[in-house]
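Dear colleague,

I am handing over the structure below, and after it you will find my notes on what was found there. Please read them with the structure open beside you.

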Amino acid sequence: MFEKKETRPEPAKQRLTSLAELGEFGLIERLTREVKRFHPETLKGVGDDAAVIDMGEKVLLVSTDLLIEGIHFDLTYMPLMHLGYKAVVVNVSDIAAMNGIPAQVTVSIALSSRFSAEAIDEIYAGIRLACDKYKVDLVGGDTSTSTTGLMLSLTILGTVNKGDEVYRSGAQEGDLLCVTGDLGSAYMGLLLLEREKSVFKANPAMQPELSGFDYQIGRQLRPEARTDIRNMMVGTGLKPTAMIDISDGLSSDLLHICKQSNLGCNLFEAKIPIDEQTRELALEFNIIPVVAALSGGEDYELLFTISQKDYDKVKDISGISIIGHMTAASQGKNMITPDGHVVPLTAQGWDGMKPER
Ligand SMILES: [Mg+2]
(Lines give C-alpha, C1' and ligand atoms only; values in the text may rest on other atoms or scores of the structure.)
Protein backbone atom coordinates (compact mmCIF):
# COMPACT_ATOMS: atom_id res chain seq x y z
CA MET A 1 0.00 0.00 0.00
CA PHE A 2 1.10 3.43 -0.80
CA GLU A 3 1.16 5.76 2.04
CA LYS A 4 -1.09 8.55 1.11
CA LYS A 5 0.67 11.79 1.74
CA GLU A 6 -1.31 14.79 2.58
CA THR A 7 -0.02 17.43 0.22
CA ARG A 8 -2.62 20.04 0.76
CA PRO A 9 -0.99 23.12 2.19
CA GLU A 10 -2.11 24.30 5.58
CA PRO A 11 -4.75 26.92 5.12
CA ALA A 12 -3.31 30.33 5.75
CA LYS A 13 -4.41 31.51 9.14
CA GLN A 14 -6.92 34.24 8.66
CA ARG A 15 -5.94 37.23 10.71
CA LEU A 16 -8.93 38.20 12.81
CA THR A 17 -9.61 41.77 13.77
CA SER A 18 -10.04 42.45 17.45
CA LEU A 19 -12.83 44.77 18.58
CA ALA A 20 -10.27 46.77 20.52
CA GLU A 21 -8.48 47.54 17.24
CA LEU A 22 -11.70 48.78 15.67
CA GLY A 23 -12.98 50.81 18.57
CA GLU A 24 -16.67 51.55 19.02
CA PHE A 25 -16.99 53.87 16.03
CA GLY A 26 -14.95 51.60 13.78
CA LEU A 27 -17.26 48.74 14.68
CA ILE A 28 -20.38 50.78 13.93
CA GLU A 29 -18.92 51.77 10.57
CA ARG A 30 -18.11 48.15 9.76
CA LEU A 31 -21.56 46.90 10.73
CA THR A 32 -23.47 49.53 8.80
CA ARG A 33 -21.27 49.78 5.68
CA GLU A 34 -23.50 47.65 3.48
CA VAL A 35 -26.86 48.48 4.95
CA LYS A 36 -29.40 49.16 2.20
CA ARG A 37 -32.31 51.52 2.45
CA PHE A 38 -35.67 50.54 0.98
CA HIS A 39 -37.86 53.39 2.17
CA PRO A 40 -37.57 57.01 1.05
CA GLU A 41 -39.11 57.99 4.41
CA THR A 42 -35.83 57.03 6.08
CA LEU A 43 -34.21 60.47 6.01
CA LYS A 44 -31.31 59.64 8.33
CA GLY A 45 -30.10 56.23 9.45
CA VAL A 46 -27.01 55.59 11.55
CA GLY A 47 -24.68 58.46 12.36
CA ASP A 48 -26.58 60.99 14.42
CA ASP A 49 -28.15 61.10 17.90
CA ALA A 50 -31.32 59.55 16.45
CA ALA A 51 -32.62 58.18 13.17
CA VAL A 52 -35.02 60.50 11.34
CA ILE A 53 -38.14 59.20 9.60
CA ASP A 54 -40.40 61.31 7.43
CA MET A 55 -44.00 61.22 8.70
CA GLY A 56 -45.43 63.98 6.52
CA GLU A 57 -45.72 67.19 8.55
CA LYS A 58 -43.49 65.80 11.24
CA VAL A 59 -40.45 63.61 11.48
CA LEU A 60 -40.18 60.67 13.84
CA LEU A 61 -36.92 60.43 15.81
CA VAL A 62 -35.73 57.02 17.01
CA SER A 63 -32.82 56.30 19.31
CA THR A 64 -31.76 53.24 21.25
CA ASP A 65 -29.34 52.52 24.06
CA LEU A 66 -27.98 49.38 25.66
CA LEU A 67 -26.80 49.39 29.27
CA ILE A 68 -24.82 46.44 30.62
CA GLU A 69 -23.93 45.79 34.23
CA GLY A 70 -20.18 46.02 34.77
CA ILE A 71 -19.70 48.01 31.57
CA HIS A 72 -22.08 50.96 31.79
CA PHE A 73 -22.98 50.83 35.46
CA ASP A 74 -21.79 49.31 38.70
CA LEU A 75 -24.48 48.25 41.14
CA THR A 76 -22.13 48.55 44.11
CA TYR A 77 -22.79 52.28 44.01
CA MET A 78 -25.55 52.77 41.46
CA PRO A 79 -28.94 52.49 43.20
CA LEU A 80 -31.43 50.59 41.04
CA MET A 81 -33.89 53.45 41.02
CA HIS A 82 -31.23 55.82 39.73
CA LEU A 83 -30.29 53.30 37.08
CA GLY A 84 -33.85 53.23 35.77
CA TYR A 85 -34.01 57.01 35.85
CA LYS A 86 -30.68 57.46 34.07
CA ALA A 87 -31.59 54.90 31.40
CA VAL A 88 -34.55 57.05 30.36
CA VAL A 89 -32.66 60.34 30.67
CA VAL A 90 -29.82 59.35 28.34
CA ASN A 91 -32.40 58.46 25.69
CA VAL A 92 -34.38 61.68 26.20
CA SER A 93 -31.08 63.53 25.82
CA ASP A 94 -30.58 62.05 22.34
CA ILE A 95 -34.02 63.26 21.26
CA ALA A 96 -33.27 66.75 22.67
CA ALA A 97 -30.02 66.70 20.69
CA MET A 98 -32.08 66.35 17.50
CA ASN A 99 -34.18 69.35 18.65
CA GLY A 100 -37.09 66.94 19.17
CA ILE A 101 -39.74 66.30 21.78
CA PRO A 102 -39.49 62.89 23.50
CA ALA A 103 -42.76 60.96 23.38
CA GLN A 104 -42.62 57.17 23.87
CA VAL A 105 -40.12 54.67 25.19
CA THR A 106 -39.85 50.89 25.22
CA VAL A 107 -37.84 49.12 27.91
CA SER A 108 -36.30 45.69 27.54
CA ILE A 109 -34.63 44.12 30.50
CA ALA A 110 -32.67 40.94 31.17
CA LEU A 111 -32.00 39.85 34.74
CA SER A 112 -30.22 36.99 36.43
CA SER A 113 -31.84 35.07 39.29
CA ARG A 114 -29.98 37.13 41.89
CA PHE A 115 -32.47 39.96 41.36
CA SER A 116 -35.74 39.92 43.28
CA ALA A 117 -39.09 41.26 42.10
CA GLU A 118 -38.57 44.14 44.54
CA ALA A 119 -35.29 44.98 42.81
CA ILE A 120 -37.06 45.17 39.45
CA ASP A 121 -39.74 47.35 41.07
CA GLU A 122 -36.98 49.76 42.06
CA ILE A 123 -35.67 49.98 38.49
CA TYR A 124 -39.15 50.62 37.15
CA ALA A 125 -39.85 53.21 39.86
CA GLY A 126 -36.87 55.13 38.47
CA ILE A 127 -38.07 54.63 34.91
CA ARG A 128 -41.54 55.94 35.83
CA LEU A 129 -40.09 58.93 37.66
CA ALA A 130 -38.12 59.96 34.57
CA CYS A 131 -41.12 59.28 32.31
CA ASP A 132 -43.21 61.62 34.53
CA LYS A 133 -40.55 64.31 34.53
CA TYR A 134 -40.01 64.27 30.75
CA LYS A 135 -43.61 63.40 29.82
CA VAL A 136 -42.69 60.17 28.05
CA ASP A 137 -45.07 57.22 27.69
CA LEU A 138 -43.74 53.77 28.48
CA VAL A 139 -45.34 51.76 25.67
CA GLY A 140 -43.71 48.35 25.64
CA GLY A 141 -40.62 46.23 25.92
CA ASP A 142 -39.46 42.74 26.63
CA THR A 143 -38.16 40.80 29.61
CA SER A 144 -35.75 37.90 29.77
CA THR A 145 -33.56 36.05 32.20
CA SER A 146 -29.81 36.41 31.83
CA THR A 147 -27.03 34.11 32.94
CA THR A 148 -25.17 36.91 34.64
CA GLY A 149 -25.96 40.45 35.48
CA LEU A 150 -28.46 43.01 34.41
CA MET A 151 -29.04 44.43 30.96
CA LEU A 152 -31.36 47.24 29.99
CA SER A 153 -32.16 48.35 26.48
CA LEU A 154 -34.34 51.34 25.80
CA THR A 155 -35.70 52.66 22.55
CA ILE A 156 -37.14 56.13 22.51
CA LEU A 157 -39.36 57.83 19.97
CA GLY A 158 -39.71 61.56 19.59
CA THR A 159 -41.10 64.00 17.08
CA VAL A 160 -40.54 67.46 15.68
CA ASN A 161 -41.97 69.42 12.77
CA LYS A 162 -40.24 68.46 9.54
CA GLY A 163 -37.37 70.82 8.88
CA ASP A 164 -36.91 71.66 12.56
CA GLU A 165 -34.78 68.61 13.29
CA VAL A 166 -31.10 69.40 13.85
CA TYR A 167 -28.32 67.16 12.59
CA ARG A 168 -24.66 66.98 13.50
CA SER A 169 -23.86 67.85 9.92
CA GLY A 170 -25.42 71.32 9.61
CA ALA A 171 -22.70 73.57 11.07
CA GLN A 172 -21.33 76.34 8.84
CA GLU A 173 -17.95 78.06 8.84
CA GLY A 174 -18.06 80.98 11.27
CA ASP A 175 -20.85 79.53 13.41
CA LEU A 176 -20.54 80.01 17.15
CA LEU A 177 -19.97 76.90 19.24
CA CYS A 178 -22.14 76.73 22.37
CA VAL A 179 -22.59 74.36 25.27
CA THR A 180 -25.18 74.14 28.05
CA GLY A 181 -24.44 73.76 31.77
CA ASP A 182 -20.98 72.75 32.92
CA LEU A 183 -18.73 69.83 32.03
CA GLY A 184 -16.59 67.25 33.78
CA SER A 185 -18.59 66.90 37.00
CA ALA A 186 -20.17 63.55 36.10
CA TYR A 187 -16.70 62.12 35.49
CA MET A 188 -15.39 63.43 38.81
CA GLY A 189 -18.47 61.90 40.46
CA LEU A 190 -17.55 58.57 38.90
CA LEU A 191 -13.95 58.83 40.15
CA LEU A 192 -15.19 59.63 43.66
CA LEU A 193 -17.51 56.61 43.64
CA GLU A 194 -14.75 54.37 42.29
CA ARG A 195 -12.33 55.63 44.94
CA GLU A 196 -14.74 54.95 47.75
CA LYS A 197 -15.49 51.53 46.31
CA SER A 198 -11.82 50.56 46.42
CA VAL A 199 -11.46 51.94 49.96
CA PHE A 200 -14.50 49.91 50.98
CA LYS A 201 -13.11 46.77 49.30
CA ALA A 202 -9.85 47.14 51.22
CA ASN A 203 -11.66 47.76 54.50
CA PRO A 204 -15.41 47.09 54.63
CA ALA A 205 -15.61 48.78 58.04
CA MET A 206 -14.84 52.12 56.39
CA GLN A 207 -17.81 54.35 55.71
CA PRO A 208 -17.83 56.03 52.30
CA GLU A 209 -16.63 59.62 52.44
CA LEU A 210 -18.80 61.28 49.84
CA SER A 211 -20.40 64.09 51.78
CA GLY A 212 -19.94 67.54 50.33
CA PHE A 213 -19.80 66.24 46.75
CA ASP A 214 -23.52 65.89 46.13
CA TYR A 215 -23.29 67.80 42.86
CA GLN A 216 -20.66 65.55 41.28
CA ILE A 217 -22.23 62.32 42.58
CA GLY A 218 -25.65 63.51 41.41
CA ARG A 219 -24.30 64.35 37.95
CA GLN A 220 -23.02 60.78 37.66
CA LEU A 221 -25.89 58.86 39.23
CA ARG A 222 -28.86 61.00 38.32
CA PRO A 223 -28.18 63.16 35.28
CA GLU A 224 -30.86 65.28 33.60
CA ALA A 225 -31.47 65.87 29.90
CA ARG A 226 -31.49 69.49 28.72
CA THR A 227 -34.98 69.55 27.30
CA ASP A 228 -35.38 72.84 29.23
CA ILE A 229 -32.74 74.60 27.15
CA ARG A 230 -34.03 73.01 23.94
CA ASN A 231 -37.50 74.38 24.74
CA MET A 232 -36.11 77.81 25.61
CA MET A 233 -34.27 77.95 22.29
CA VAL A 234 -37.43 76.99 20.41
CA GLY A 235 -39.28 79.67 22.40
CA THR A 236 -36.90 82.41 21.26
CA GLY A 237 -36.95 81.19 17.67
CA LEU A 238 -33.39 79.96 17.88
CA LYS A 239 -32.55 76.91 15.82
CA PRO A 240 -29.03 75.52 16.14
CA THR A 241 -27.30 74.66 12.87
CA ALA A 242 -25.86 71.45 14.35
CA MET A 243 -26.29 69.71 17.69
CA ILE A 244 -25.16 66.66 19.69
CA ASP A 245 -25.45 65.70 23.35
CA ILE A 246 -22.28 65.22 25.36
CA SER A 247 -22.14 61.57 26.24
CA ASP A 248 -18.53 60.75 25.36
CA GLY A 249 -16.82 64.01 26.34
CA LEU A 250 -16.60 67.48 24.81
CA SER A 251 -13.62 66.60 22.64
CA SER A 252 -15.03 63.46 21.09
CA ASP A 253 -18.51 64.92 20.58
CA LEU A 254 -17.19 68.16 19.09
CA LEU A 255 -15.13 66.09 16.66
CA HIS A 256 -18.36 64.41 15.53
CA ILE A 257 -19.83 67.80 14.60
CA CYS A 258 -16.58 68.76 12.82
CA LYS A 259 -16.43 65.50 10.90
CA GLN A 260 -20.06 65.44 9.85
CA SER A 261 -20.15 69.14 9.00
CA ASN A 262 -16.77 68.86 7.26
CA LEU A 263 -15.34 71.76 9.26
CA GLY A 264 -12.60 72.62 11.72
CA CYS A 265 -13.04 74.43 15.01
CA ASN A 266 -11.38 76.74 17.48
CA LEU A 267 -12.35 75.82 21.02
CA PHE A 268 -11.23 78.28 23.69
CA GLU A 269 -10.05 76.43 26.78
CA ALA A 270 -10.77 79.35 29.10
CA LYS A 271 -14.41 79.41 27.97
CA ILE A 272 -15.17 75.78 28.82
CA PRO A 273 -17.62 75.87 31.75
CA ILE A 274 -16.38 73.84 34.72
CA ASP A 275 -17.93 73.90 38.19
CA GLU A 276 -15.51 75.43 40.75
CA GLN A 277 -15.70 72.49 43.15
CA THR A 278 -15.24 70.05 40.26
CA ARG A 279 -12.11 71.98 39.32
CA GLU A 280 -10.71 71.60 42.85
CA LEU A 281 -11.69 67.95 43.01
CA ALA A 282 -9.96 67.22 39.69
CA LEU A 283 -6.74 68.77 40.97
CA GLU A 284 -7.02 66.65 44.12
CA PHE A 285 -7.18 63.61 41.81
CA ASN A 286 -4.18 64.91 39.84
CA ILE A 287 -6.32 65.50 36.79
CA ILE A 288 -6.15 68.71 34.79
CA PRO A 289 -9.73 70.01 35.15
CA VAL A 290 -10.13 70.71 31.44
CA VAL A 291 -9.22 67.09 30.70
CA ALA A 292 -12.19 65.96 32.81
CA ALA A 293 -14.40 68.25 30.69
CA LEU A 294 -12.85 67.20 27.36
CA SER A 295 -12.68 63.47 27.97
CA GLY A 296 -14.87 62.61 30.95
CA GLY A 297 -18.24 62.30 29.27
CA GLU A 298 -21.71 61.51 30.61
CA ASP A 299 -22.53 65.17 31.17
CA TYR A 300 -25.59 64.96 28.90
CA GLU A 301 -25.33 68.66 28.13
CA LEU A 302 -26.09 69.92 24.63
CA LEU A 303 -23.25 71.00 22.35
CA PHE A 304 -24.46 73.03 19.39
CA THR A 305 -23.55 75.60 16.78
CA ILE A 306 -25.51 78.72 15.89
CA SER A 307 -25.23 81.27 13.15
CA GLN A 308 -23.45 84.48 14.30
CA LYS A 309 -26.60 86.46 13.55
CA ASP A 310 -28.33 84.53 16.36
CA TYR A 311 -25.83 85.70 18.97
CA ASP A 312 -28.38 88.10 20.52
CA LYS A 313 -30.87 85.28 20.96
CA VAL A 314 -28.43 82.99 22.72
CA LYS A 315 -26.67 85.49 24.96
CA ASP A 316 -29.77 86.04 27.10
CA ILE A 317 -30.47 82.38 27.79
CA SER A 318 -28.79 81.58 31.09
CA GLY A 319 -26.93 78.31 31.18
CA ILE A 320 -25.43 78.57 27.71
CA SER A 321 -21.72 79.28 27.20
CA ILE A 322 -20.14 80.26 23.91
CA ILE A 323 -16.91 78.30 23.82
CA GLY A 324 -15.56 78.76 20.31
CA HIS A 325 -16.39 78.87 16.63
CA MET A 326 -16.33 76.70 13.54
CA THR A 327 -13.59 77.15 10.95
CA ALA A 328 -12.74 75.73 7.54
CA ALA A 329 -11.68 72.08 7.67
CA SER A 330 -8.19 73.10 6.51
CA GLN A 331 -7.72 75.11 9.73
CA GLY A 332 -7.84 71.93 11.81
CA LYS A 333 -9.67 71.07 14.99
CA ASN A 334 -8.01 73.04 17.71
CA MET A 335 -8.18 74.10 21.30
CA ILE A 336 -6.66 77.49 22.11
CA THR A 337 -5.10 77.59 25.59
CA PRO A 338 -5.35 80.73 27.77
CA ASP A 339 -1.78 81.69 26.80
CA GLY A 340 -2.58 81.37 23.10
CA HIS A 341 -1.13 77.96 22.31
CA VAL A 342 -2.94 75.93 19.68
CA VAL A 343 -3.48 72.30 20.69
CA PRO A 344 -5.02 69.81 18.24
CA LEU A 345 -8.15 68.18 19.66
CA THR A 346 -8.12 64.42 19.87
CA ALA A 347 -10.92 62.03 20.65
CA GLN A 348 -10.07 60.74 24.09
CA GLY A 349 -13.63 60.40 25.16
CA TRP A 350 -15.32 57.37 26.47
CA ASP A 351 -14.89 54.51 24.05
CA GLY A 352 -16.15 51.33 25.65
CA MET A 353 -14.16 49.02 23.40
CA LYS A 354 -10.71 50.48 23.78
CA PRO A 355 -8.59 48.30 26.07
CA GLU A 356 -7.06 51.18 28.05
CA ARG A 357 -10.35 51.97 29.68
MG1 LIG B 1 -26.02 61.30 21.69
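In this predicted model, the contact of helix H4 with helix H5 is made by Ser185, Ala186, Met188, Gly189, Leu190, Leu192 and Leu193 on the H4 side, which meet Tyr215, Gln216, Ile217, Arg219 and Gln220 on the H5 side. Sorted by kind, the residues of this contact are 7 nonpolar, 4 polar and 1 charged. The axes of H4 and H5 lie 7 Å apart and the two helices pack at an angle of about 100°, and they are therefore roughly perpendicular to each other. Within H5, which covers residues 214–221, the buried residues are Gln216, Ile217, Arg219, Gln220 and Leu221, and what covers them includes H2, H4 (185–202) and helix H8 (276–284).

As for the overall layout, the protein is divided into domain 1, residues 25–161, and domain 2, residues 176–344, and the C-alpha centres of these domains lie 22 Å apart. Where they touch, 16 residues of domain 1 are in contact with 18 residues of domain 2. On the side that domain 1 turns to domain 2, helix H2 (residues 80–96) gives the most, with 9 residues, and the residues of that side divide into 9 nonpolar, 4 polar and 3 charged.

Turning to the sheets, one of them is an open sheet of 6 strands, with the order S1-S2-S3-S6-S4-S5 and mixed pairing. Strand S1 (42–44) and strand S5 (137–145) stand at its edges with a single partner strand each, so that one side of each has no neighbour in the sheet. On average, and with direction ignored, neighbouring strands of this sheet are turned by 20° against each other. Inside this order, strand S3 (residues 58–68) and strand S6 (residues 151–161) run antiparallel and are joined by 11 bridges, and Leu67 has Leu152 in S6 as its bridge partner. Two helices can be placed against these strands: H2 lies across S3, strand S4 (101–111) and S6, running at about 30° to S6, while helix H3 (residues 117–134) packs on the sheet where it touches S4 and S5, its direction making about 175° with that of S4.

Another open sheet has 7 strands in the order S8-S10-S7-S11-S9-S12-S13, and here too the pairing is mixed. S8 and S13 stand at the edges, and because each has a single partner strand, one side of each is left without a neighbour in the sheet. The average turn between neighbouring strands of this sheet, direction ignored, is 25°.

At the S8 edge, strand S8 (residues 242–245) pairs with strand S10 (residues 302–306) in the antiparallel sense over 4 bridges, with Ala242 standing opposite Thr305 in S10. Ala242 and Ile244 point one way from S8, whereas Met243 and Asp245 point the other way, and all of them are buried. S10 also pairs in the antiparallel sense with strand S7 (residues 176–180), again over 4 bridges, and there Cys178 stands opposite Phe304. Helix H7 (residues 250–261) lies across S8, S9, S10 and S12, and runs at about 150° to S9.

Towards the S13 edge, strand S9 (residues 263–268) and S12 pair in the parallel sense over 4 bridges, whereas S12 and S13 pair in the antiparallel sense over 3 bridges. Asn334 takes part in both pairings, for Asn266 stands opposite Asn334 in S12, and Asn334 stands opposite Pro344 in S13. The covered face of S12 holds Lys333 and Met335, and the uncovered face holds Asn334 and Ile336.

The hairpin of S12 and S13 has 5 residues between the strands, and in it Gly340 takes a positive phi near 90°. His341 lies in the loop between S12 (333–336) and S13 (342–344). Is His341 buried or exposed? His341 is exposed, because 10 other C-beta atoms lie within 10 Å, and a residue counts as exposed with 12 or fewer. The C-alpha atom of His341 is separated by 42 Å from that of Phe200, a residue 141 places away along the chain.

With best wishes

Technical notes. Residues numbered from 1 in each chain as written. Predicted model: local features only at pLDDT ≥ 70, side-chain atom pairs only at ≥ 80, totals over all residues. Domains from an automatic or database assignment. Contact = placed C-beta atoms within 7 Å. Nonpolar A, V, L, I, M, F, W, Y, C, P; charged D, E, K, R; others polar. Buried ≥ 20, exposed ≤ 12 C-beta atoms within 10 Å, placed from the backbone. Axes fitted to C-alpha atoms, helices over the stretch in contact; angles between N-to-C directions. Parallel < 35°, antiparallel > 145°, perpendicular 65-115°, else oblique. Pairing = 2+ DSSP bridges.
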